[in-house]
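Open the model in your viewer and keep the sequence panel beside it. This tour tells you what to select at each stop.

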Amino acid sequence: MSSMEIHPSELAYAFSYAKVDSIIGWGDTPFQPENGDAADWAKEGEERLRAAGRLVGDPETGLNFTPAITAAILALVNPTLVLLSERRSGNRVQRLSVHAAGIHFVGLIQRGDGIFEVTSYADLMAAAGACAGFVGATLEPLRSEARVEATQKVLSTLHGSAAKRPDDVVGGMVRLGLSKTEAESAARAFSDPAAAGMLSVLYCAGNAVQDADPISVMTNADKQTWTIFPPASLDGPMVLERSSVAALTARVAVSTAARFSARAS
């Protein structure tokens, strides 16, 4: 895994060569100049890229992007898969995306100072693991499985009632099939999560999302993680499942591999 820091003007300059001004998971806002001066923004991007050694050559004879930045930009502007992890921190939504194209898995996160960190992950497992950890899934391994299915309406009602009517919520989860201990753990994750976020698996073409598998992730104060996701489609039943970084990583990797295998057959 390797990382580099890059200014948004550098990304905007590079995107312009691909005739793209927005990317999946981010839109265009983070890459626009604050003062609206596109010419100065492009000039700053070029100067920064050249100073960092990412844009080489001579303006007279031609400038070229280095292979590393070229691979990263091509993945960002035309991915076949995007893993998008989002978590709330105070009034801000923090975001980690991993854009995948071919053998390249390019992570993107923006710091508080506006600078982006671009990380190259070795493979899908590494990328999925980073996204699972980003939304706060526990590192503690699962000692037993816990999984029930219910309609989206039922789970939404339980989630919305957890803070005010915890006993009713625990009872509802027990009726779905969880043990009382498991139900109490899930209720705590619903009502007062120590960490929570959404991990979305986005299937893409032409810099546009074609299909999505969203996974809601909640971890309680006891470092017990629960996820909610649709096993087949958003129209079918939803699954409430105990999870962890390792379990969530495996789920994302296996389901993604299955989806691409089905497309190829």
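Which residues of H1 are buried? Select H1 and check: Pro-8, Ser-9, Glu-10, Leu-11, Ala-12, Tyr-13, Ala-14 and Phe-15 are the buried ones. That is eight of the ten residues in H1, so the helix counts as mostly covered, given that buried means under 20% relative accessible area. Step just past the end of H1 to Lys-19, which has a positive phi of about 55°.

**The whole chain**

Zoom out now. Remember that this is a predicted model. The protein chain holds eight helices and twelve strands. Its C-alpha atoms fill a box of roughly 75 × 45 × 30 Å along the principal axes. The chain has 265 residues, and 43% of them count as buried. Look at contacts with a separation of 6 or more: 59% of them join residues 24 or more positions apart.

**H1 against H3**

Select H1 again and add H3, residues 67-77. Their axes come within 10 Å and cross at roughly 75°. H1 and H3 are therefore roughly perpendicular to each other. Show side chains at the contact. H1 brings Leu-11, Ala-14 and Phe-15, while H3 brings Ile-73, Leu-76 and Val-77. Six of the residues in this contact are nonpolar, none polar and none charged.

Stay on H3. Which of its residues are buried? Pick Ile-69, Ala-71, Ala-72, Ile-73, Ala-75, Leu-76 and Val-77. Now find what covers them. The cover includes strand S1 (2-6), H1, strand S3 (62-65), S5, strand S6 (104-110) and strand S7 (116-121).

**The largest core**

In soluble globular proteins, nonpolar side chains tend to be buried together. Look for such a group here. The largest nonpolar core has 26 residues. Select Leu-81, Leu-83, Val-98, Phe-105, Val-201, Leu-248 and Val-252, the members with the most contacts inside this core. Next, colour the elements that give two or more residues to it: strands S4 (81-89), S5 (92-101), S9 (195-205) and S10 (208-219), with helices H4 (124-134) and H8 (245-264). H4 gives the most, with six residues.

Centre on Leu-83. What does Leu-83 contact, leaving aside neighbours within four places in sequence? The list is Leu-96, Ser-97, Val-98, Leu-124, Ala-127, Ala-128, Cys-131, Ser-200, Val-201 and Val-252. Another core, of 21 residues, lies apart from the largest one. To find this second core, select some of its members, including Ile-23, Trp-26, Val-77 and Ala-101. You have already met Val-77, as one of the buried residues of H3.

**H5 against H6**

Move to Ser-161, in helix H5 (residues 152-161). Is Ser-161 buried or exposed? Its relative accessible area is 11%, so Ser-161 is buried. Not counting residues up to four places away in sequence, Ser-161 touches Pro-166 and Val-169.

Both of those partners appear on the H6 side of the contact with H5. The axes of H5 and H6 come within 8 Å and cross at roughly 150°. The two helices are therefore roughly antiparallel to each other. Their crossing is left-handed. From H5, select Val-154, Leu-158 and Ser-161; from H6, select Pro-166, Val-169, Gly-172, Met-173 and Leu-176. This contact has six nonpolar residues, two polar and no charged.

**H6 against H7**

Keep H6 (residues 166-176) and add H7 (residues 180-191). Their axes lie 9 Å apart, and the helices pack at an angle of about 130°. That makes H6 oblique to H7. The crossing of H6 and H7 is right-handed. On the H6 side, select Val-169, Val-170, Met-173 and Val-174. They meet Lys-180, Ala-183, Glu-184, Ala-186, Ala-187 and Phe-190 of H7. Eight residues of this contact are nonpolar, none are polar and two are charged.

**Last stop: Ala-194**

Follow the chain into the loop between H7 and S9, and pick Ala-194. Is Ala-194 buried or exposed? Its relative accessibility is 60%, so Ala-194 counts as exposed. Beyond its neighbours within four places in sequence, Ala-194 is in contact with Thr-219, Asn-220 and Ala-221. Finish with a distance: the C-alpha atoms of Ala-194 and Tyr-121 are separated by 27 Å, and the two residues are 73 residues apart along the chain.

Technical notes
Residues numbered from 1 in each chain as written. Predicted model: local features only at pLDDT ≥ 70, side-chain atom pairs only at ≥ 80, totals over all residues. Heavy atoms only, no water. Core = buried A, V, L, I, M, F, W, Y, C linked by side-chain atoms within 4.5 Å. Buried < 20%, exposed > 50% of the residue type's maximum accessible area, 1.4 Å probe, protein only. Helix = DSSP H or I, 4+ residues; strand = E, 2+ residues; numbered from the N terminus. Contact = heavy atoms within 4.5 Å. Axes fitted to C-alpha atoms, helices over the stretch in contact; angles between N-to-C directions. Parallel < 35°, antiparallel > 145°, perpendicular 65-115°, else oblique. Left-handed = near helix turned anticlockwise from the far one by under 90°. Nonpolar A, V, L, I, M, F, W, Y, C, P; charged D, E, K, R; others polar.
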